[in-house]
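Student: Hi! Could you go through this model with me, one interface at a time?
Tutor: Happy to. Let's have it on screen.

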Amino acid sequence: MFLKLVKHESHAAARAMLPLLGGLLAMALLARLSIWMMETVDSSVTNIIGVFLIGIFYLGCGAMVVTTMILMMVRFSKSVHGDEGYLTHTLPVGVHSILLSRLLVCFLAVVISFAAVYVGIQIATLGVDSVESLGISIKAALRSAGVETSSMLLKIFCIAGMSILATILMIYAAISIGHSFATGKTGKSVLFFFVLYFAQQIITSIVMVAVLTAEFATTGSAEGLVTTSSNSLSSTMFWFSIGQAAIFGAVYYFLTWYMTKKRLNLA
Amino acid sequence: MRWEFHNESPIYAQVMERVERMIVSGALSPGERLPSVRVFAQEAGVNPNTMQKALTELERGGLIYSQRTSGHFVTEDQAVIIKAREELAKLQTERFLQSMQELGFTAAQAAALLQQRLEQTKEE
Amino acid sequence: MPIFTCENLTKRYGPVLALDHVNLNIEPGRIVGLLGPNGSGKSTMIKLANGLLTPSEGRILIDGKAPGVETKSIVSYLPERTYLADWMSVKQLLKFFQDMYEDFDRDRALAMLNHLNIAETQRIKQMSKGTREKVQLILVMSRRAKLYLLDEPIGGVDPAARDYILNTIIGNYEPNAAVIISTHLIADVEQMLDEVIFINGGHIIRHTPVDEIREQMGMSVDALFREEFKCF
């Protein structure tokens with residue numbers, strides 16, 4: 001049953017995502033065309049158009065992830081806390097299945113939109129020597145500093161993945177709390193998003209300071225956290241980031257679950 | 001079209017009378033098979049339980065009979081149909097007299113009025 | 001065994017008492033009218049039965065179980081609102097219902113949709129409000145459920161649509177299932193009910209077979225309702 005929910009959610013997400021992906025691809029191709037045009041034709045008109053199209057493409061890259069996130073959140077609030085909730089919550093499935101299916105599909109949508117931006121940039125800069133050499137020189141610089149790129153990338157991906165999950169859950173929690181009110185559901189959802197966001201920032205800062213102080217007290221320096229040893233990302237920093245995202249994610253998940261299960265307030 | 005019902009008696013009694021009238025008037029002919037309870041109920045716009053109750057009552061009166069698997073049929077016994085017609089006529093007469101009474105007419109006065117009406121029809 | 005039971009069922013919204021220690025049993029095979037003015041507690045009771053709300057006190061049982069995954073698979077619910085995602089086509093909806101409910105009878109739904117000339121390719125977005133409501137009713141009545149909970153199925157529809165809706169309910173509910181219809185339009189549903197429940201201010205005032213009201217009191221349910229509720 002969980003898989004059927006995932007299938008249905010994917011359907012709903014794909015419907016919203018495909019035009020976005022298509023648009024980004026078109027923009028990337030236009031940007032590539034502009035670069036080629038600027039390289040071959042020397043005219044101020046083509047240059048202006050080219051710069052304009054490239055600019056649009058980079059804006060599109062930025063908007064891609066944000067738009068995906070917004071679309072998925074609209075889908076969540078409509079299907080779980082809006083009128084569609086009357087159907088969602090009378091399906092023979094548990095609240096966990098409902099939430100996890102959406103979390104999974106939303107996570108995948110965000111990952112795909114990041115991947116699409118990456119692929120888009122690759123397409124736009126395909127065969128552009130300056131960009132390719134930049135990439136090679138960054139890798140070389142990292143290697144000479146003793147950083148193993150693959151292991152660092154893996155760690156960054158882990159942290160990014162955890163943070164994406166925690167962020168999605170934070171928004172889910174905000175929407176679920178906001179919709180438990182009788183009026184102003186959307187406004188209160190936005191309000192609670194900021195409440196949760198700042199609460200997380202404050203708690204993280206306090207804990208970070210505490211950890212730094214403790215580290216300083218035991219080792220006499222806080223180097224372990226901020227400097228590189230054999231690796232650009234110290235393991236304390238890595239586990240701290242993963243741990244905080246996991247803990248906040250779990251708290252937000254519980255909040256979302258509780259508000260949806262016990263305090264559901266469909267209009 | 002859903003059947004119309006009045007408020008004074010239970011729905012099943014009114015359904016019974018309606019089906020009786022259909023049989024007596026020939027709208028349902030002797031030996032004819034009735035629609036299934038569900039379909040008949042839907043046609044009348046009533047609960048299938050109500051339709052079932054009405055048909056069971058009619059069956060008890062002998063106006064219809066049921067076969068275990070193939071449903072309900074109108075009786076082929078003319079005597080029963082004639083008797084039912086007479087019963088309905090009597091009921092109708094009762095109703096007429098009763099409403100005349102409510103208007104303050106005695107039975108004799110009502111009969112006189114009826115006679116008068118009949119003569120009028122003859123003249124036309 | 002009753003299919004639907006309330007034991008001291010109580011629901012509070014803050015200080016407001018929506019249902020006050022309600023006790024109720026409904027047997028299978030009955031069509032029951034849940035009748036009361038707006039705000040009497042009808043919708044609250046139906047939402048509780050669907051697990052959309054949790055009781056403040058007491059309990060509600062469907063086929064002996066508290067609302068949950070198991071009961072949701074045997075309850076077919078028609079809410080007051082249209083709950084269909086507007087981007088979906090009829091075909092996608094049929095697939096969705098078939099995926100989600102084991103008791104969904106796709107052929108029956110298709111036959112009813114064909115009867116109304118609704119094409120499978122049509123999207124909810126393209127339909128009028130009346131058509132959406134009919135599609136929703138068709139989906140709900142195409143399940144071979146044990147309990148149908150229909151919340152205001154004929155509120156705000158024209159007389160032709162009303163006849164269609166009531167006929168669809170009579171023609172499609174499972175013979176051994178119970179049907180609970182909540183409404184304030186009593187005259188329209190009266191002739192299809194076995195039993196009525198009068199509810200007001202969170203209390204059940206009366207729970208009687210319809211025949212009894214007509215036989216013993218010589219009045220219609222509608223007339224009785226008007227009489228019992230005129231002082232409120």
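**Chain C against chain A**

Tutor: Let's start with a single pair: R81(C) and D83(A) join their side chains in a salt bridge, with N and O 3.3 Å apart. Keep in mind that this is a predicted model.

Student: OK. How many salt bridges are there between chain C and chain A?
Tutor: The count is two salt bridges. Polar contacts between chain C and chain A come to six residue pairs, both residues being at pLDDT 80 or more.

Student: Which elements of chain C give two or more residues to the side that touches chain A?
Tutor: Those are α2 (69–72) and α3 (90–100) of chain C. The largest share of that side comes from α3(C), with six residues.

Student: And how does the side of chain C that touches chain A divide into nonpolar, polar and charged?
Tutor: There are 14 nonpolar residues, five polar and five charged.

Student: How many residues does the contact take from each of the two chains?
Tutor: Chain C gives 24 residues and chain A gives 24 residues. Between them, chain C and chain A bury about 2400 Å², and 64% of that lies on carbon and sulfur atoms.

Student: Which three residues supply more of the area that chain C buries than any other three?
Tutor: L52(C), W87(C) and M100(C), which supply 28% of what chain C buries against chain A.

Student: Why do people quote a lost area for an interface, by the way?
Tutor: Because the accessible area lost when the parts come together is often used to give the size of an interface.

Student: Good, let's move inside chain A. Where are its domains?
Tutor: Domain 1 of chain A spans 1–127, and domain 2 spans 146–267. Their centres, taken over C-alpha atoms, are 23 Å apart.

Student: How many residues are in contact there?
Tutor: On the domain 1 side of chain A there are 20 residues, in contact with 19 residues of domain 2 of chain A. The area buried between these two domains of chain A is about 2000 Å², with carbon and sulfur atoms giving 81%.

Student: Which residues of domain 1 of chain A lose the most area to domain 2?
Tutor: H81(A), L103(A) and F107(A), and together they make up 32% of what that side buries.

Student: How many salt bridges does the rule find across the domain interface of chain A?
Tutor: Zero salt bridges between domain 1 and domain 2 of chain A. For polar contacts, the count between those domains of chain A is four residue pairs, both residues at pLDDT 80 or more.

Student: Which elements build the domain 1 side of chain A?
Tutor: Helices α2 (44–81), α3 (85–88) and α4 (95–124) of chain A each supply at least two residues to the side that touches domain 2. The largest share, ten residues, is from α4(A). By class, that side of domain 1 of chain A has 13 nonpolar, six polar and one charged residues.

Student: Switching to chain B now. What does its domain assignment give?
Tutor: Domain 1 of chain B is 11–76 and domain 2 of chain B is 79–123. Ten residues of domain 1 of chain B and eight residues of domain 2 of chain B take part in the contact.

Student: What area is buried between those domains of chain B?
Tutor: About 760 Å², of which 70% comes from carbon and sulfur atoms. On the domain 1 side of chain B, E17(B), R21(B) and V24(B) supply 55% of the area buried against domain 2, more than any other three residues.

Student: E17(B) caught my eye. Which residue forms a salt bridge with E17(B)?
Tutor: R95(B) does, with the closest N and O atoms 2.9 Å apart. Across the domain interface of chain B, the rule finds one salt bridge.

Student: Which helix gives the most to that side of domain 1 of chain B?
Tutor: Helix α1 (residues 11–24) of chain B, with five residues.

Student: Last one: how do strands β1 and β2 of chain B pair?
Tutor: β1 (residues 64–67) and β2 (residues 71–74) of chain B pair in the antiparallel sense, over four bridges. They form a hairpin with three residues between the strands, and Q67(B) has G71(B) as its bridge partner in β2(B).

Definitions and conventions: Residues numbered from 1 in each chain as written. Chains lettered and ligands numbered in written order. Heavy atoms only, no water. Domains from an automatic or database assignment. Contact = heavy atoms within 4.5 Å. Buried area = accessible area lost by both parts, 1.4 Å probe. Salt bridge = Lys/Arg side-chain N within 4 Å of Asp/Glu carboxyl O. Pairing = 2+ DSSP bridges. Polar contact = N/O pair within 3.5 Å; in protein donor to acceptor, adjacent residues only side chain to side chain. Nonpolar A, V, L, I, M, F, W, Y, C, P; charged D, E, K, R; others polar.
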